[in-house]
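These exercises are meant to be worked through with the sequence and the structure side by side. Each one sets a task and then goes through a solution step by step.

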Amino acid sequence: MKLVRFGPPGHERPGIWIADAFGPDAPGILDVNAMAFDIADYDAHFFAHGGLRRLPALLAEPRRVVVRADGVRLGPPVARPGKIMALGKNYAEHAREFGGPPAVVPVVFSKAVTSLNGPYDPIRLPPVSRHVDGEVELAVVIGRPARRLAEETALEVVAGYCVLNDVTDRDAQRAAQQWFYGKSFDTFCPLGPWLVTADEVPDPHALRMFSRLNGEPLQAGTTAEMIARIPRILAHISAGITLEPGDVIATGTPAGIGSARNPPRWLQPGDVLETGVEGLGTQRAVIERER
Ligand code: ZN
């Protein structure tokens, strides 16, 4: 299933994306809350209380409530996760272009949850930002509480996967010598379009990924290049930190980021940035300057 949250910012409703609901190129969204009043949102409570297991029955319901998807805004597919964590230098080629060796021990940092953005929402550069670029990443969404996971069974706690763009202000990142601030500006974490449930992603380490700026290819890679793979990432983090339902973990970015090119390709107002992972959809963001 492809889970979406639809509606205006702050008032999204939980839904299920149906690609051909109204015909071959006419997608629809099953309105989950209209059919199951107690499912208020795709939040920690939903994942912790078996919400995912209830959705197939709603899809099979003869009198299901489906709205047309055209013109409907999508929000990030997870509501207010407890934490967003991310891996630095987890692709060897990218580590080299960023300047430095690939990570031996996973480098874990976090992004503020207030940086979340819808998959087609504009990315807004604050007046102070001059040198910003994007990073396409595969994100893992946690489905149940977990601590001290073994690598062999770690994938059992994954609810699903989505695209995450780890937008970064490079000046702020370098000046702070610590990544949280420069990676946490408002709108700097587009997530979605869908949360694709784990059963539909048989091998999360075999997905092509790309980013494009104004149609020009920037990043191209595959999740096969990850240095620490998802089981190791989950075991490493959960050795000391409790993972909670709804938590989001971004697993690193492949080579080709705009800032590492010659000349560099910084995000400018009016640019269109697309970021996609095979099977998980493509985000499209217009860059704006905040006034
Ligand atoms: Zn990143």
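**Exercise 1. Residues with positive phi**

Is Thr 187 buried or exposed at its relative accessibility? Then locate Thr 187 in the chain, and treat Arg 80 likewise.

Solution. The model is a predicted one.
Step 1: the relative accessibility of Thr 187 is 9%, and because buried means under 20%, Thr 187 counts as buried.
Step 2: along the chain, Thr 187 falls in the loop between helix 5 and strand 14, and its phi is near 75°, a positive value in a residue other than glycine.
Step 3: Arg 80 is likewise not a glycine and has a positive phi, of about 40°; its place is the loop between strand 5 (74-75) and strand 6.
Step 4: with a relative accessible area of 61%, Arg 80 is exposed, whereas Thr 187 is buried.

**Exercise 2. The zinc site**

Determine which residues coordinate the zinc ion, and state from which parts of the chain Glu 135 and Asp 166 come.

Solution.
Step 1: the coordinating residues are Glu 135 and Glu 137, each through OE, and Asp 166 through OD, at 1.9 to 2.1 Å.
Step 2: written along the chain, the spacing of these donors reads E-x1-E-x28-D.
Step 3: Glu 135 sits in the loop between strand 10 (132-133) and strand 11 (136-142), while Asp 166 sits in the loop between strand 12 (158-165) and strand 13 (168-169), so that the pair, 31 residues apart, links distant parts of the chain.
Step 4: as for accessibility, both Glu 135 and Asp 166 are buried.

**Exercise 3. The largest cavity**

Describe the largest cavity by its volume, by the residues closest to its centre and by the character of its lining.

Solution.
Step 1: four cavities of 30 Å³ or more are counted, and the largest of them has a volume of about 80 Å³.
Step 2: the lining of this cavity is made by 15 residues, of which Gly 88, Lys 89, His 94, Glu 135 and Trp 179 are the closest to the centre.
Step 3: Glu 135, listed here beside the centre of the largest cavity, is also one of the residues that coordinate the zinc ion.
Step 4: two or more lining residues come from each of strand 6 (84-88), helix 4 (92-98) and helix 5 (170-176).
Step 5: sorted by character, the lining holds six charged, five polar and four nonpolar residues.

**Exercise 4. Two cysteines without a bond**

Explain why Cys 189 forms no disulfide with Cys 162, and state whether these cysteines are buried or exposed.

Solution.
Step 1: a disulfide is a covalent bond between the sulfur atoms of two cysteines.
Step 2: the cut-off for such a pair of sulfur atoms is within 2.5 Å.
Step 3: the sulfur of Cys 189 is 9.0 Å from that of Cys 162, its closest cysteine sulfur, and is therefore too far away for a bond.
Step 4: Cys 162 is accordingly in no disulfide, and the structure as a whole holds zero disulfides.
Step 5: Cys 162 counts as buried at 0% relative accessibility, and Cys 189 is buried with a relative accessible area of 0%.

**Exercise 5. The two sides of helix 3**

Identify the buried residues of helix 3, and explain why they count as lying on the same side.

Solution.
Step 1: within helix 3 (residues 51-60), the buried residues are Gly 51, Leu 55 and Leu 58.
Step 2: they cover an arc of only 65° around the axis, which places them on the same side of helix 3.
Step 3: an α-helix has 3.6 residues a turn, so residues three or four places apart point the same way.
Step 4: the other side of helix 3 carries the exposed residues Arg 53, Ala 57 and Ala 60.

**Exercise 6. Cis peptide bonds**

Locate the cis peptide bonds that lead into Pro 193 and Pro 263.

Solution.
Step 1: the bond from Gly 192 to Pro 193 is cis, with omega near 15°, and Pro 193 belongs to the loop between strand 14 (189-190) and strand 15 (195-197).
Step 2: Asn 262 and Pro 263 are also joined by a cis peptide bond, with omega about 0°, and Pro 263 is found in the loop between strand 18 (248-250) and strand 19 (272-277).

How values were computed:
Residues numbered from 1 in each chain as written. Predicted model: local features only at pLDDT ≥ 70, side-chain atom pairs only at ≥ 80, totals over all residues. Heavy atoms only, no water. 1 Å grid on protein atoms, 1.4 Å probe; cavity = no way out; pocket = protein on both sides within 12 Å on 5 of 7 lines; lining within 4 Å. Points joined across faces, edges and corners; volume = space filled by probe spheres on them. Helix = DSSP H or I, 4+ residues; strand = E, 2+ residues; numbered from the N terminus. Nonpolar A, V, L, I, M, F, W, Y, C, P; charged D, E, K, R; others polar. Buried < 20%, exposed > 50% of the residue type's maximum accessible area, 1.4 Å probe, protein only. Donors = N, O, S within 2.8 Å, 3.2 Å for Na, K, Ca; no water. Arc of directions from axis to C-beta.
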